[in-house]
Amino acid sequence: MRVINGVGRWSAGTSVGLAVLMLGGGFAHADTVVPLPDGEQALTTATGIPVDLTRTDETAIISQSLAANGMSRTAQLSATAYATAPGATAGSLETGYLIGCQVDLSGGLSLGGDVYMSPGSVSPELTPSIKLVPGGVAVVKFGTKKLDPAAGAVGISYRNRGVQLSGCGGYAQARAFSALSVTNDQGSAEVTLYGDPFSVG
């Protein structure tokens, strides 16, 4: 099993949106531990590749605001995303979180009201700054790893990755995602695994 640590990135929301700051270290004064269930997506793609995509050991630690105000909150996130895809000649695994301010993450992402995005279709890396409209969602990527065709597997692990949210005066929610793309001589396919939504305060 090959795992790597994700690399944090920084993004800031403007207007009445949400700002997300990726922090490398942990936080003191953690006050709420949220254990989250394991997840699995097992299927054979239309191109004939048997895929088993899992997310295990996911936890979120919701901490007191570093800014000591109601519009800022912090969390430490941990999980392992791992996939097997024997027979794939190429592929990649991307994992991260959807984080939004007063939005429902049970479905897709609504950016600007009529623009629909799913985590599997998000290809650009997170830019240094991102503008979010009211009810917008930030896609925070924790890492991307290429599949090893010889092993037929790929994995990404992160532990106590810090996230600071600011600019959200209401309810904030987050949800993990892992998107696996695989290719063989029959074509390409993609499988996405979502975690359970949880409150960030």
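Two strands pair if DSSP finds at least two bridges between them. Strands are DSSP runs of at least two residues, numbered from the N terminus. The legends below apply these terms to a predicted model.

**Figure 1. The whole chain is built from strands, with zero helices.** The count of strands is 14. From the N terminus on, the order of elements reads β-β-β-β-β-β-β-β-β-β-β-β-β-β. The chain has 201 residues, and 48% of them are buried. Contacts with a separation of 6 or more were also sorted by distance along the sequence. Of these, 75% join residues 24 or more positions apart. The exposed surface comes to about 8,900 Å². Carbon and sulfur atoms supply 54% of that area.

**Figure 2. Strands E4 and E5 form a hairpin.** Strand E4 covers residues 39-44. E4 and E5 run antiparallel and are joined by six bridges. Across the pairing, Thr-44 faces Pro-50 of E5. Five residues lie between the two strands. Which residue of this hairpin takes a positive phi? Gly-48 does, with a value near 90°.

**Figure 3. The largest nonpolar core holds 22 residues.** Four of them touch the most other members: Leu-77, Tyr-97, Phe-198 and Val-200. Which elements give two or more residues to this core? They are strands E5 (50-63), E6 (72-84), E7 (90-101), E10 (137-146), E11 (153-166) and E12 (172-184). Another core lies apart from this one. That other core has 16 residues, including Val-51, Ala-88, Leu-180 and Val-191.

**Figure 4. Phe-198 has contacts at many places along the chain.** Neighbours within four places in sequence are left aside in this view. On the lower-numbered side, its partners include Val-34, Leu-36, Glu-58, Ala-60 and Ile-62. Leu-77 and Tyr-97 are also in contact with Phe-198. A run of partners follows at Ala-172, Gln-173, Ala-174 and Arg-175. Leu-77, Tyr-97 and Phe-198 are also among the core members that touch the most others.

**Figure 5. Four aromatic pairs are found in the whole structure.** One of these views centres on Tyr-97 and Tyr-158, whose ring centres are 6.1 Å apart. Their planes meet at 80°, over the 60 degrees that the class requires, so the pair is edge-to-face. Tyr-97 belongs to strand E7 and Tyr-158 to strand E11, so the pair ties together parts 61 residues apart in sequence. Are these two tyrosines buried or exposed? Tyr-97 has 0% relative accessibility and counts as buried. Tyr-158 is buried too, at a relative accessible area of 2%.

Tyr-158 also pairs edge-to-face with Phe-142. Here the distance is 4.7 Å centre to centre, with 90° between the planes. Phe-142 lies in strand E10 and Tyr-158 in strand E11, so this pair links parts 16 residues apart in sequence.

**Figure 6. An aromatic cluster takes in Tyr-97, Phe-142, Tyr-158 and Phe-198.** Ring pairs make the links between these residues. Phe-142 counts as buried, because its relative accessibility of 1% is under the 20% cut-off. What sits over the ring of Phe-142? The charged end of Arg-161 does, 5.2 Å from the ring centre.

**Figure 7. Ala-153 lies in strand E11.** Its relative accessible area is 11%, so Ala-153 is buried. Leaving aside neighbours within four places in sequence, Ala-153 is in contact with Tyr-82, Ala-83 and Thr-84. Leu-147 and Asp-148 are also contacts of Ala-153. Ser-92 stands 61 residues away from Ala-153 in sequence. In space, their C-alpha atoms are 9.5 Å apart.

**Figure 8. Asp-57 and Asn-160 each have a positive phi.** Most residues other than glycine have a negative phi. Asp-57 is found in strand E5. Its phi is near 55°. At 51% relative accessible area, Asp-57 is over the 50% cut-off and so is exposed. Asn-160 is placed in strand E11. Its phi is about 55°, although the residue is not a glycine. With a relative accessible area of 37%, Asn-160 falls between the 20% and 50% cut-offs, so it is partly exposed.

Note on methods. Residues are numbered from 1 along each chain as its sequence is written. This is a predicted model: local features need pLDDT of at least 70, side-chain atom pairs count only at pLDDT 80 or more; totals for chains, interfaces and linings use all residues. Side-chain values use heavy atoms; hydrogens and water are left out. A nonpolar core is a set of buried Ala, Val, Leu, Ile, Met, Phe, Trp, Tyr and Cys residues joined through side-chain atoms within 4.5 Å. Buried means under 20% relative accessible area, exposed over 50%, partly exposed in between (1.4 Å probe, protein chains only). Helices (H or I, at least four residues) and strands (E, at least two) are DSSP runs, numbered from the N terminus. Contact means heavy atoms within 4.5 Å. Rings of Phe, Tyr and Trp (its six-membered ring) pair if their centres lie within 6.5 Å; planes under 30 degrees apart count as stacked, over 60 as edge-to-face and the rest as tilted. A charge sits over a ring if NZ of Lys or CZ of Arg is within 6 Å of the ring centre and within 35 degrees of the ring normal. Accessible areas come from the Shrake-Rupley method with a 1.4 Å probe; for residues, only the protein chains shown count as cover.
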